[in-house]
Amino acid sequence: RELLLILSLEIIFKTIGVDWIYSIYEDYIYITVRSIIFQVLSLLLLFLLVHKKEDYVIYAGITVFASVGANILNYLRSKKYCKVHLTWNFDWKKHLKPILVFFATTLATTIYVSSDTTMLGLFCGDYSVGIYSVAVKVYNIVKTIMASTVIVAIPRMVSIASKKGRQSLVELNATAKEIFDTILTVLIPALVGIVVLAPNIVRILADESYIAAVLPLRMLAIALVFCIIAYFWAQGILYTFGQEKRVLIGTSISAVINVGLNLILIPFWAQNAAAFTTVISEGFTAAYFYFFGRKYMKIKGLPVTVAKVCIGSCPILVVAELVNIMSLSMLIGTFLTIIVSVIAYFMIEIMLKNEAAYSVYKMIKTKIIK
């Protein structure tokens with residue numbers, strides 16, 4: 001009961017938080033700084049106050065603090081843009097239908113995201129849940145970072161689409177291509193890096209007893225690619241053109257696939273099955289949203305971008321192998337692999353004239369000159 005009451009505070013403060021205002025006005029510097037401050041404060045509180053398993057209520061409170069504190073600050077600062085207040089003077093018929101569609105889509109997503117862990121607990125016990133949770137933790141962190149690329153672009157794409165006309169369509173295509181190229185430029189090397197460093201990642205986050213999480217983590221890295229591609233076509237394209245129902249249908253089918261496959265496979269292959277079903281359901285969602293999204297948006301040159309990114313990702317394998325030969329400590333070896341791989345990757349992408357990587361290079365060069 002205590003945990004439920006504490007965690008339920010997030011529901012109230014999520015509404016008060018009015019994050020959508022800052023997305024509309026593209027105030028992403030504030031969002032970033034605010035998030036970092038509250039996450040750092042939460043981390044410090046964890047170290048100071050949580051020392052034993054009986055402190056789980058304090059742990060829940062600190063977890064809520066990170067979002068509640070940010071939401072209160074959001075509300076207080078929202079006066080910079082508009083006055084937020086309750087009103088009964090609105091056309092509820094106009095808003096109710098899209099709200100219910102978004103709600104149903106979120107519900108379907110929650111069902112298939114949560115079904116893996118729930119069924120693992122039912123069929124295989126706490127051990128499998130613990131193993132899978134380590135892999136999911138990495139998956140969710142990287143997914144949140146990648147998804148932010150799409151989130152920050154949605155207001156701009158909606159604004160361009162609302163202008164109508166041929167010129168706006170050309171501009172919208174150019175913006176969509178720029179965003180998708182950026183996603184691929186970051187996403188594919190992230191996939192390779194997670195696959196290569198999976199054993200080290202698991203040992204750093206947990207310990208040797210969780211090493212069985214390596215295979216699920218590698219499979220979830222593949223699911224991550226499908227997930228972000230699906231997110232782009234759903235949030236960036238279909239929502240922009242008012243196709244909320246199409247997103248709901250695709251998400252619902254994906255939920256049915258995920259739950260159905262979990263029921264069949266989890267009793268036999270436990271956490272590995274849970275990761276595999278996520279790959280299948282995310283793969284279906286990506287294909288479904290792409291199939292319907294391409295009616296509204298034609299993104300040219302994708303095979304060329306994919307080829308450049310894949311070529312640039314190859315050195316990650318070489319760097320990881322060379323670092324392994326050096327017999328460094330696990331932590332130092334992991335960070336060295338990441339740093340050298342990132343530098344090598346972007347150097348190759350710049351030489352291959354990958355537009356997304358090249359724009360980052362020009363921005364850094366301009367700031368250094370200044």
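These legends describe several close-up views of one predicted model.

Residues are numbered from 1 along each chain as its sequence is written, and side-chain values use heavy atoms, with hydrogens and water left out. Because the model is predicted, local features need pLDDT of at least 70 and side-chain atom pairs count only at pLDDT 80 or more, while totals for chains, interfaces and linings use all residues.

**View 1. The second largest pocket holds about 930 Å³ of space.**
A pocket is an open set of points on a 1 Å grid over the protein atoms alone, with protein on both sides within 12 Å along at least five of seven lines. Its volume is the space filled by probe spheres set on the points, which are joined across faces, edges and corners. Of the 28 residues that line this second largest pocket, Val142, Ala190, Ile194, Ile201 and Ile338 are the closest to its centre. A lining residue has an atom within 4 Å of a point. Helices H6 (126-151), H8 (165-205) and H12 (330-351) each supply at least two residues of the lining. H8 gives the largest share, 12 residues. Helices here are DSSP runs (H or I, at least four residues), numbered from the N terminus. By class, the lining of the second largest pocket has 21 nonpolar, seven polar and no charged residues. Nonpolar means Ala, Val, Leu, Ile, Met, Phe, Trp, Tyr, Cys and Pro; charged means Asp, Glu, Lys and Arg; the others, Gly among them, are polar.

**View 2. The structure holds one cavity of 30 Å³ or more.**
A cavity is a set of grid points where a 1.4 Å probe fits but cannot get out. About 30 Å³ of space lies in the largest cavity. Its lining is Val138, Tyr139, Val142, Ile194, Leu217, Leu220, Ala221 and Leu224. H6 and H9 each supply at least two of the lining residues. H9 gives the most, with four residues. The lining divides into eight nonpolar, no polar and no charged residues. Val142 and Ile194 appear in this lining, and both are also among the residues closest to the centre of the second largest pocket.

**View 3. Lys177 and Asp181 form a salt bridge in helix H8.**
Side chains of opposite charge can pair when their charged atoms come close. A salt bridge is a side-chain nitrogen of Lys or Arg within 4 Å of a carboxyl oxygen of Asp or Glu. Here the closest N and O atoms are 2.9 Å apart. Lys177 and Asp181 are four residues apart, about one turn of the helix. Asp181 is buried, at 6% relative accessible area. Lys177 is partly exposed, at 23%. Buried means under 20% relative accessible area, exposed over 50%, and partly exposed in between (1.4 Å probe, protein chains only).

**View 4. Leu302 touches Phe180, Asp181 and Leu184.**
That list leaves out residues up to four places away in sequence. Contact means heavy atoms within 4.5 Å. Leu302 lies in helix H11 (residues 302-325). Leu302 is buried, with a relative accessible area of 17%. Leu302 and Arg246 are 56 residues apart in sequence and 24 Å apart in space, C-alpha to C-alpha.

**View 5. Two further salt bridges join Lys52 to Asp55 and Arg203 to Glu208.**
A search of the whole structure finds four salt bridges. Lys52 and Asp55 meet at 3.7 Å, N to O. Asp55 is buried, at 9% relative accessible area. Arg203 and Glu208 meet at 2.7 Å, N to O. Arg203 is partly exposed, at 27%. Glu208 is partly exposed too, at 46%.

**View 6. The structure holds 15 aromatic pairs, two of which are described here.**
A pair of aromatic rings is described by the distance of the centres and the angle of the planes. Rings of Phe, Tyr and Trp (its six-membered ring) pair if their centres lie within 6.5 Å; planes under 30 degrees apart count as stacked, over 60 as edge-to-face and the rest as tilted. The rings of Tyr22 and Tyr30 have centres 4.8 Å apart and planes at 40°, so the pair is tilted. Both Tyr22 and Tyr30 are buried. The rings of Phe241 and Tyr296 have centres 5.1 Å apart and planes at 25°, so this pair is stacked. The pair links distant parts of the chain, 55 residues apart. Phe241 sits in the loop between H9 (214-238) and H10 (244-293), and Tyr296 in the loop between H10 and H11. Phe241 is partly exposed, at 28% relative accessibility.
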